[in-house]
Amino acid sequence: MDLSMKPLLRSLNGEAVWPPPVWLMRQAGRYLPEYRAVRAGVADFVALCTTPDLAAEVTLQPIRRYRFDGAILFSDILMLPWALGHGLEYRQGEGPVLPPLRDAASVAALDPARVADRLAPIMQTVRLVRAGLAAEGFPDTTLIGFAGAPFTVACYMVEGGGSKDFAAVRAMAYAQPALFGRLIDVLTEATIEYLSAQASAGAEALMLFDSWAGVLSPSLFRTHCVAPATRIVAALNARHPGLPLIGFPRLAGLLARDYAATGVNGIGVDTGSDIAAVAAMLPPRLALQGNLDPLAVVAGGAPMAAETAAILHAMKGRPFIFNLGHGIVPQTPLDHVAALLEQVRAG
Ligand code: CP3
């Protein structure tokens, strides 16, 4: 046990830290009035992600308000396809819109050579946040860098945005396996470079968001989620020994067991999974992270308290990081977040 280590890093190191460290996915975002104020002053979301002063400011906002144990870099998983030269636009009320990628020419047009330059502002954000956490008196808060997992990023590229069922990307994975495999390969290599640059700039832990992993069949999940994550973890372990990684194979259910073999130090659990059952099928030193329903925080009161108590009860005694099962939603009342933290911090 190393008490000089930050609590979140101790959990990822396999310790049953209690009360558990806590942060919330999408904690920097529209439920915070101070975020909305910054957002109102920028032309578009990509500009916010590529302006280090502003991105660092909104990364720190939720830490100042709630002292979370994790500060997640403010950026987006779709900044990687943007840096590869694929288009990206965020439309109000519509979410991200990208040119639908459907052929070999579009994959060949992706340009890994330009990624480092285009993502340089994000590395500057990482440096500013690391310095800001120290300067503003948050020595226990861990800076978490992140990327989208290759499959989830491919989902948005192939569909051209979000989708109900990701039918186009799944059809491509079956019907054009060589083309789809090339796309996953390009994204895997670029993700390794992107995460490695974040680690070099000062990220202390990394998270890989595979938000749509659960739409795949088990065999395609192994090919397009587990295998790329295994490569990413191995490359980062070689370049940055001791730097922990959290995987989030959302909606993967029983396949979380396969995902554990990637070598990640922690696994994010989604809202629909029984976190005690997930724990029972995974190695005892693997940290779990999750999995309160974001809508329970919108409701607040007794329902939120009961769900939270059940998760805490199930996770006591094993390495655990309290979080939501998916991102916090814009309509979440601020005092419900405060009440949640009070309960989690009481253990
Ligand atoms: O606070 C944080 O978590 C840090 C920043 C962060 C954002 N997106 C900021 C953001 C992180 C870690 C993400 C991850 C992300 N982005 C994922 C994986 C996690 C998940 O939610 O499943 C995905 C799939 C995306 C892609 C994305 N970005 C979508 C689908 C949307 C539109 C939907 C929405 O919530 O608005 C975004 C936009 C986005 N990314 C916003 C924020 C704060 C809202 C845009 C705005 O403020 O104008």
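By class, the second largest pocket is lined by 10 nonpolar and two charged residues, with no polar ones. Keep in mind that this is a predicted model.

Who are those residues? The lining of the second largest pocket is made of P112, V115, A116, L119, A120, M123, V186, E189, A190, E193, Y194 and A197. Two elements, α7 (115-135) and α10 (177-201), each give two or more residues to this lining. The largest share comes from α10, with six residues.

Now for the largest pocket. Its lining runs to 37 residues, and R26, R30, F45, D76 and Y90 are the ones that lie nearest its centre. Which elements supply at least two residues each to this lining? They are the helices α2 (33-40) and α8 (150-159), plus the strands β2 (89-91) and β3 (95-97). Of the elements, α2 gives the most, with three residues. Sorted by class, the lining of the largest pocket holds 20 nonpolar, 10 polar and seven charged residues.

Here are the two pockets side by side:

| Pocket | Volume | Nonpolar lining | Polar lining | Charged lining |
|---|---|---|---|---|
| Largest pocket | about 1,200 Å³ | 20 residues | 10 residues | seven residues |
| Second largest pocket | about 180 Å³ | 10 residues | no residues | two residues |

If you have the structure open, try picking out R26, R30, F45, D76 and Y90 to find the centre of the largest pocket. For the second largest pocket, α10 is a handy place to start, as the largest share of the lining comes from there.

Notes: Residues are numbered from 1 along each chain as its sequence is written. This is a predicted model: local features need pLDDT of at least 70, side-chain atom pairs count only at pLDDT 80 or more; totals for chains, interfaces and linings use all residues. Side-chain values use heavy atoms; hydrogens and water are left out. On a 1 Å grid over the protein atoms alone, a cavity is a set of points where a 1.4 Å probe fits but cannot get out, and a pocket is an open set with protein on both sides within 12 Å along at least five of seven lines; lining residues have an atom within 4 Å of a point. Grid points are joined across faces, edges and corners, and a volume is the space filled by probe spheres set on the points. Helices (H or I, at least four residues) and strands (E, at least two) are DSSP runs, numbered from the N terminus. Ala, Val, Leu, Ile, Met, Phe, Trp, Tyr, Cys and Pro count as nonpolar, Asp, Glu, Lys and Arg as charged, and the others, Gly among them, as polar.
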